[in-house]
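Trainee: I would like to take a close look at a single part of this model, and I would be glad of one connected account rather than scattered remarks.

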Amino acid sequence: MKIHKFLAVVTLCVLIASCSTDEPSQMDRTVFIPDYNDYNLPAYTEMGYNAFGAMIDREYFLVSGSIIPCKILYKEGKIMFMLDGTRKNSVYHTDSRMTLFFYFPFEQCSDYQDIIKLNDVNINLLSNDCRVEMSTENSEVQHLDLIKGNIYFKNAQLCLIDDVPNRVILSGEFDFQFLTGGELPVVVRYGRFDFGINNDYFFSY
């Protein structure tokens, strides 16, 4: 436990130093702090570490340092919240690219700063006009037949650097269950995310 706290403090110091030296590109990096209970997953944080992770049955869907982990699109009354990373096969020890898309209706968001309205918003993914889609390296985007699920935006907070808005720290959790084509259930659990979102990652039209 002490080691994890020490790593978190060191990482925070690095981010603070990057803010004070006006190097916002440092804040776009992914920082992976292992979870105390499962080191394969990132810990839940609210620091803008640009990380996410979840379990899919007994595999892991995780952030990758070489892929932009999150993009948000607001269009025609809906938000598209995208997680892009890799799915790790524990049996064959292989990684393959995978992307999740969460769609849900929301009030007008014309600028990245507007997503602070997501603070403490819990979305029932089985509600009307909500949907979840998934794509992998070997398949087109597929609509998931959900039987249960939610995504909870626990924290959305504006980050200022020298009193100037720089990004919104957006953190939360998700879980859902869906049926495959063969009617076999798949469970996605322990999902968590922590991003720093600015206009490089937020789009509205």
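Which residues touch the most other members of the largest nonpolar core?

Mentor: Some conventions come before the details: this is a predicted model, in which local features need pLDDT of at least 70 and side-chain atom pairs count only at pLDDT 80 or more, while totals for chains, interfaces and linings use all residues. Residues are numbered from 1 along each chain as its sequence is written, and side-chain values use heavy atoms, with hydrogens and water left out.

The largest nonpolar core (a set of buried Ala, Val, Leu, Ile, Met, Phe, Trp, Tyr and Cys residues joined through side-chain atoms within 4.5 Å) has 44 residues, and those touching the most other members are Phe81, Leu100, Phe102, Leu170, Phe174 and Phe176. Buried here stands for under 20% relative accessible area, exposed for over 50%, and partly exposed for what lies in between, with a 1.4 Å probe and protein chains only. In soluble globular proteins, nonpolar side chains tend to be buried together.

Phe102 repays a closer look: if its neighbours within four places in sequence are set aside, its contacts (heavy atoms within 4.5 Å) are Ile79, Met80, Phe81, Leu83, Leu125, Arg131, Val132, Ile151, Phe174 and Phe176. Met80 also belongs to a second, separate core of 5 residues, which includes Leu73, Met82 and Tyr103 as well. Over the ring of Tyr103, 3.8 Å from its centre, sits the charged end of Arg131; the criterion is NZ of Lys or CZ of Arg within 6 Å of the ring centre and within 35 degrees of the ring normal.

The aromatic side chains can be followed further, since rings of Phe, Tyr and Trp (its six-membered ring) pair if their centres lie within 6.5 Å, with planes under 30 degrees apart counted as stacked, over 60 as edge-to-face and the rest as tilted. The structure holds 14 such aromatic pairs. The ring centres of Phe81 and Phe153 are 5.4 Å apart and their planes stand at 80°, so this pair is edge-to-face. Because Phe81 lies in strand β4 and Phe153 in strand β9, the pair ties together parts that are 72 residues apart in sequence; strands (E, at least two residues) and helices (H or I, at least four) are DSSP runs numbered from the N terminus. Both Phe81 and Phe153 are buried. Phe153 pairs with Phe193 as well, with centres 5.6 Å apart and planes at 65°, so that this pair too is edge-to-face. It links distant parts of the chain, Phe153 in strand β9 and Phe193 in strand β11 (residues 185-197), 40 residues apart, and Phe193 is buried, as is Phe153. Ring pairs join these residues into a cluster whose members include Phe81, Phe102, Phe153, Phe174, Phe176 and Phe193.

A charged residue is also buried: Arg167, in strand β10 (residues 164-179), counts as such because its relative accessibility is 2%. Its side chain makes a polar contact of 2.8 Å with the side chain of Asp28, and another of 2.4 Å joins the side chains of Arg167 and Asn166. A polar contact is a pair of N or O atoms within 3.5 Å; within protein, one must be able to donate a hydrogen and the other to accept it, and residues adjacent in sequence count only if both atoms are side-chain atoms.

As for the chain around this part, its secondary structure comes to 1 helix and 12 strands, and 46% of its 205 residues count as buried.
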